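Work through the exercises below with the sequence and the model open. Try each task before you read its solution.

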Amino acid sequence: MTSTTEAIHNADSTAGSGQLHDPSVRGFASDNYSGVHPEILSALAMANGGHQVSYGEDVYTARLQEVMEQQFGPGIECFPVFNGTGANVLSLQSLLPRWGAVICASTAHINMDENGAPERVGGIKLLQVPTDDGKLTPELIDREAWGWGDEHRAQPLAVSITQTTELGTCYTPEEVRAIAGHAHAKGMKLHMDGARLANAAAYLGVPLREFTRDAGVDILSFGGTKNGMLFGEVVVALNPEAADGLKFLRKMNMQLASKMRFISAQFIALLEDGLWLRSAAHANAMAARLRTAVEAIDGVEPTQATQSNGVFAILPEGIADRLRKSFAFYDWDAARREVRWMCSFDTTEDDIDAFVAGIKRELDSV
Ligand SMILES: Cc1ncc(COP(=O)(O)O)c(C=O)c1O
């Protein structure tokens, strides 16, 4: 184990007697199944005690603005929120009038996994486009970018892309720039769902701003939860002129935390000395280890490029259910027998090796 993962797992053993679960058990179901990174827990304890002004007027939220400016440059505006769905709904609402619509990939979290919140809570029509790999392109966007001025059609006024995508793939800075240029030329704004933004930066090896603000993204949902935080995301208005009313919409959308200092303190701990990138790079490395191992196994058929912390593959009939008796993971597309395996900041090499041995064992026993 590396020293970081040792620290993570040693922290497990300090748990008190009320513990109801076995902290040595880790699976591949979701990066949300993992716990909280010990450095984040320390930051929460450090921010505790005494009184601070509520609703974001605290010293940690002020500091977070500075820390985010170090990543994205001056002139941005930060709005910490509770969760990713809230960040997305808030971001999109701020970009659009009541008659606005958003073009997104059909696999986008906003389309598949938010129980219609953008439509129901945000009042926003989603115009979905099927893709092979979760990534939009200018050509794919054009399938739905039409009908401006026609009162019978919800007006396509924004595009939303996910980085990294729900299929584990990653947009290059050039690809984001091409989408932003195309969207802007047609009078549309660009939102990025960055629930796994850190994994993208780790994969691309470039600063965050290179594939966000500098590439033309107007507003960003910046994820913290999947990267070792207890909870919390930040809506970052990279181009504040494109976003209207964020301050009011956050409260209306029930995303204004009274004790905001604890979201901000976590993000500061994540960003200030590189924990965000170390954790994401580790999760990506574990996925790469898994990918390399399964590529050598007859019967496992990877379906997507592994460009972040997830591996997607098709397994022979019955194998997934048998494997799931020992390791948690989800079907991605059950009809195709496609599964998704996610790695986290706390996944170890031993976890991967045990899982790979388990896959081989199940396949050999067929
Ligand atoms: C791409 C993407 N966006 C956003 C989210 C945030 O969701 P939540 O509202 O559960 O925090 C997730 C979580 O699964 C996600 O995968």
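**Exercise 1. A charged pair**

Which residue forms a salt bridge with Glu39, and how far apart are the closest N and O atoms?

Solution. The model is a predicted one. Start at Glu39 and look for its partner: Glu39 forms a salt bridge with Arg278. The closest N and O atoms of the two residues are 3.7 Å apart. To count as a salt bridge, such a pair must lie within 4 Å. Side chains of opposite charge can pair when their charged atoms come close.

Next, place the two residues in the domains. Domain 1 consists of 4-30 + 275-364, and domain 2 of 39-272, according to the domain assignment. Between domain 1 and domain 2 the count is one salt bridge.

**Exercise 2. Where the domains meet**

Describe the contact between domain 1 and domain 2, beginning with the distance between their centres.

Solution. Step one: the centres of domain 1 and domain 2, taken over C-alpha atoms, are separated by 27 Å. Step two: count the residues in contact, which are 20 in domain 1 and 23 in domain 2. Step three: take the area buried between the two domains, about 1,800 Å², with carbon and sulfur atoms giving 54% of it. On the side of domain 1, Leu275, Trp276 and Gln307 lose the most area to domain 2, and together they make up 40% of what that side buries.

Step four: turn to polar contacts. Eight residue pairs are in polar contact between domain 1 and domain 2, with both residues at pLDDT 80 or more. Step five: find the elements involved. Helix 12 (275-295) and strand 11 (338-342) are the elements that give two or more residues to the side of domain 1 that touches domain 2. Helix 12 gives the most to that side, with nine residues. By type, the residues of this side of domain 1 divide into 11 nonpolar, seven polar and two charged.

**Exercise 3. A salt bridge within a helix**

Why are Arg63 and Glu66 separated by about one helical turn?

Solution. First locate the pair: both belong to helix 3 (residues 59-72). Because they are three residues apart in this helix, about one helical turn separates them. Their side chains meet in a salt bridge, at 2.7 Å from N to O. The structure as a whole holds 17 salt bridges.

**Exercise 4. Two backbone details in loops**

Find the loops that hold Thr164 and Asn115, and describe the backbone there.

Solution. Thr164 lies in the loop between strand 4 (155-162) and helix 8 (173-185). The peptide bond from Gln163 to Thr164 is cis, and its omega is near -5°. Asn115 is in the loop between helix 5 (109-112) and helix 6 (117-120). Its phi is near 50°, a positive value in a residue other than glycine.

**Exercise 5. The overall shape**

What radius of gyration would a compact globule with 366 residues have, and what does the protein have?

Solution. The expected value is near 21 Å; the protein has 21 Å, so the two agree. Along its principal axes, the C-alpha trace spans about 60 × 55 × 35 Å. The protein contains 14 helices and 11 strands.

Notes. Residues numbered from 1 in each chain as written. Predicted model: local features only at pLDDT ≥ 70, side-chain atom pairs only at ≥ 80, totals over all residues. Heavy atoms only, no water. Domains from an automatic or database assignment. Contact = heavy atoms within 4.5 Å. Buried area = accessible area lost by both parts, 1.4 Å probe. Polar contact = N/O pair within 3.5 Å; in protein donor to acceptor, adjacent residues only side chain to side chain. Helix = DSSP H or I, 4+ residues; strand = E, 2+ residues; numbered from the N terminus. Nonpolar A, V, L, I, M, F, W, Y, C, P; charged D, E, K, R; others polar. Rg over C-alpha atoms; globule rule 2.2 N^0.38 Å.
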